[in-house]
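Thanks for coming. I will go through some side-chain contacts in one protein chain, and then stop.

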Amino acid sequence: MRECRIYCLCIALVLVLVHGANGEDPYKFLTWKITYGDIYPLGVKQQGILINNQFPGPQIDAVTNMNLVISVFNYLSEPFLLSWDGIQQRRNSWQDGMPGTNCPILPGRNFTYNIQVKDQIGSFFYFPSFLFHKAAGGFGGIRIWSRPKIPVPFPNPAGDHTVLAGDWFKTNHYILRHYFLERGQNLPLPDGLLINGRGWNGYTFNVEPGKTYRFRISNVGLTTSLNFRIQGHKMKLVEVEGSHTLQNTYDALDIHLGQSYSVLVTADQPAKDYYVVVSSRFTTKILTTTAILHYTNSRQGVSGPIPWGPTNQVAWSLNQARSIRWNLTASGPRPNPQGSYHYGMINPARTIMLANSAPWINGKQRYAVNGVSYIPPDTPLKLADYFNIPGVFNLGSISTNPPGGNGGYLQTSVMHANFREFVEIVFQNWEDSVQSWHIDGYSFFVLGMDGGQWTQASRARYNLRDTVARSTVQVYPKSWTAISVALDNVGMWNVRSQNWARQYLGQQFYLRVYSPAHSWRDELPVPRNAILCGRAKGRRTRPL
C-alpha cells in the first residue's frame, strides 16, 4: 500500500512538472484551413493566402495563461508555417513556428500548435514564416486580455479595434522571392499600403459619439516603417507589446516593422466621418492610405485634407521613441506592479554587440549580422540540437562582436547563451536605413538609443528606471539602440530583422539559451506530434 502511494505521488509530481498550471487554465480550440484565394487589396486581382477564407486571418482572443490549441491544415501547394510575433512560448520554443525550430507543414498535411500565453497581456500578431508567404497574407491579430481580477490602468473601452497595417506588393510572392531575392536583387518600392487588407477608404471603424475605443495597431508589412494618425483626434498610448505605458497623448505615432501599439481614442468631435491615415516613413516616395472613422450618427462623409504626418524626420521619431515609458504602478499580467522588477539594478553578465550590414557575397546582395549571412540548414536547429545530429550547426558560428571590414560570409549562425544570464545587447546600425530588430521568446528593456557609435560612455544616457519592455525595437540610420534582457527562457530563439527581405537574405541568427539541467521545469519535452524532417526524419519524439 505504501509503495502504491509513493507511485501515485510520483505520477502527480510528473504531471505538475509537465503541465505546470496548465491544468487550471482554460483551453481554446481553433481549426484553420490554409488556402489560396483571389484577393483585391489594391484593386488588382492577386493570389492571396487565406485562413478559413479570410484575409487577413481570424482574430485570436485569449486571456492570460490560456492554452491555445490551433490545428492548421495546409491546402497550399507549398510547405507552410505560422509564427506568433511577441508570444513568448515560455519553456516551449517547439511551438515558435520559425524554420529554425519547426519543420514546415507539407501540402495536404496538418499540424496542431499547443501554445500557452503564459504571463502575457497585450497586442500581437501572427504571420507566415516560410518561403516569403508573408507577402501573400496569412497574418492576423492576437489580443491577450487581462484576467478578471487583475486591474487594468484605464476604464474598459466601449470597443476594441484591431488595425493591421503594412506595405503591399501587387507582384506575386513567388515572383518576389524567385526573381528578386534569390537572384540577389533588392525588392522594388511597395505598390501601396493596406489597413486590414484594404486600400484607400476600404475599411471602416464604427464609433459612437462620446465613447472611448481601443485601437491595437500592428505593422505587419515587409519593408516599411509607418506613421499612424486619425484626423481631428488625439491618441492616448496605453500599451506596447504587452507593457502598460505612461499614458502620453500623441497626434501621430510611428510604428516600425513588426511593432504593436495600443491607443485610446475618444469620439469627441462633431458627428461626421474622419480619415484614419497610414503613411510610409523614411522612403524615397511617400506612400499613403486611409480608412474611415465613422460616427454612428454621421450624415457627412470624409472631407478636407488628409492630416499631415512626418516623412523623413529622424529626430522627430527618436524623440517620440524616448517618450514611451513604462507605467511603474500598473499591473501587468500579474497583480504586482510592473515597476517591482528593477531591471536597472542588475549588472549584465556580458555585452553582445550586433551590427547589421549589406555585403555582396558570390555576386549577390545579402544581409548579415556581425558579418555572417544566415543560410537555412536542411534540418531545423531545434531538432538537430535535441537529437544531437552533427553537422547541422556549430555553436559560436557568429561572434558576439562585429568584425572589422565590410565583407561577409554564408553560415548557419547560432550563438550560445546560458540560462538565466542577464545580458546587455547593443544593435549598431551603420547603414542609411532604419532597422527593426526582434527577439523571439523574450521581452526586453529598451535602455537607450542615439546617433553614432555606441561606447561604454553611452551607458550614461540609459534609462534605468522606467523604460518600456517589448519584443521589437528600431535602430535609426547610423545609430545604436541598447537593450537588456534576462535570458530566462530555455530554447532556440530567432533573432532577426523585421524587414522580411533582409531577414530572408540572411539578417538573422538563432540564440541557443541552454540549461545543463535538462529539466522539464526549464524546458518542455519535444511534442509527441512534432513534424520530423531533414536528418531528423525517421527518429522518434517520445512515447505517449
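Start with a term: a residue counts as buried when its relative accessible area is under 20%, as exposed when that area is over 50%, and as partly exposed in between. Phe-387 has a relative accessibility of 13%, so Phe-387 counts as buried. Please keep in mind that this is a predicted model.

Aromatic rings come next. The count of aromatic pairs is 24. Take Phe-132 and Tyr-504 as an example: their ring centres are 5.8 Å apart and their planes meet at 70°, so this pair is edge-to-face. Where do the two residues lie? Phe-132 is in the loop between strand S7 (122–128) and strand S8 (140–145), while Tyr-504 is in helix H5 (residues 500–504), so the pair ties together parts 372 residues apart in sequence. Phe-132 is buried, at a relative accessible area of 1%, whereas Tyr-504 is partly exposed at 22%.

Tyr-386 and Phe-387 make another edge-to-face pair, with 4.9 Å from centre to centre and 80° between the planes. Phe-387 is the residue I opened with, buried at 13%. Its partner Tyr-386 is partly exposed, with a relative accessible area of 37%.

Rings can also join up in a group. Trp-32, Trp-84, Phe-111, Tyr-113 and Tyr-126 are linked into a cluster by ring pairs.

Now a lysine and two rings. Lys-134 lies over the face of Phe-127, at 5.0 Å from the ring centre. The charged end of Lys-134 also sits over the ring of Trp-500, 4.7 Å from the centre of that ring.

On the surface, Tyr-174, Ile-175 and Tyr-179 make a nonpolar patch of about 280 Å². Of these, Tyr-174 belongs to helix H2 (residues 173–180) and is partly exposed, at 39% relative accessible area.

Next, sulfur. How many disulfides does the structure hold? It holds one, and that disulfide joins Cys-103 to Cys-533, with 2.1 Å from S to S. The torsion about the S-S bond is about -90°, so the disulfide is left-handed. Cys-103 sits in the loop between strand S5 (82–85) and strand S6 (110–116), and Cys-533 in the segment after strand S36 (508–514), which puts the two 430 residues apart. Cys-103 is buried, at 4% relative accessibility.

Last, charges. Side chains of opposite charge can pair when their charged atoms come close. The count of salt bridges is 26. In one of them, Arg-143 meets Asp-61 at 2.7 Å, N to O. Arg-143 is in strand S8 and Asp-61 in strand S3 (residues 60–63), 82 residues apart. Is Arg-143 buried or exposed? Arg-143 is buried, at 13% relative accessibility, while Asp-61 is partly exposed at 23%.

A second salt bridge joins Asp-488 and Arg-90 at 3.4 Å, N to O. Asp-488 is in the loop between strand S34 (479–487) and strand S35 (491–497), and Arg-90 is in the loop between S5 and S6, 398 residues apart. Asp-488 is partly exposed at 35%, and Arg-90 is partly exposed at 24%.

A third is between Arg-512 and Asp-385, whose closest N and O atoms are 2.9 Å apart. Arg-512 lies in strand S36 and Asp-385 in helix H4 (residues 381–386), so the pair ties together parts 127 residues apart in sequence. Arg-512 is buried, with a relative accessible area of 11%.

Finally, Asp-61, Arg-143, Asp-160 and Arg-216 are joined into one network by salt bridges that share partners. That is the end of my talk.

Notes. Residues are numbered from 1 along each chain as its sequence is written. Side-chain values use heavy atoms; hydrogens and water are left out. Rings of Phe, Tyr and Trp (its six-membered ring) pair if their centres lie within 6.5 Å; planes under 30 degrees apart count as stacked, over 60 as edge-to-face and the rest as tilted. Helices (H or I, at least four residues) and strands (E, at least two) are DSSP runs, numbered from the N terminus. Buried means under 20% relative accessible area, exposed over 50%, partly exposed in between (1.4 Å probe, protein chains only). A charge sits over a ring if NZ of Lys or CZ of Arg is within 6 Å of the ring centre and within 35 degrees of the ring normal. Patches are made of residues with over 30% relative accessible area and no salt bridge: like charges are joined within 9 Å, nonpolar side chains (Val, Leu, Ile, Met, Phe, Trp, Tyr) within 5 Å. Accessible areas come from the Shrake-Rupley method with a 1.4 Å probe; for residues, only the protein chains shown count as cover. A salt bridge is a side-chain nitrogen of Lys or Arg within 4 Å of a carboxyl oxygen of Asp or Glu. A disulfide is a pair of cysteine sulfur atoms within 2.5 Å.
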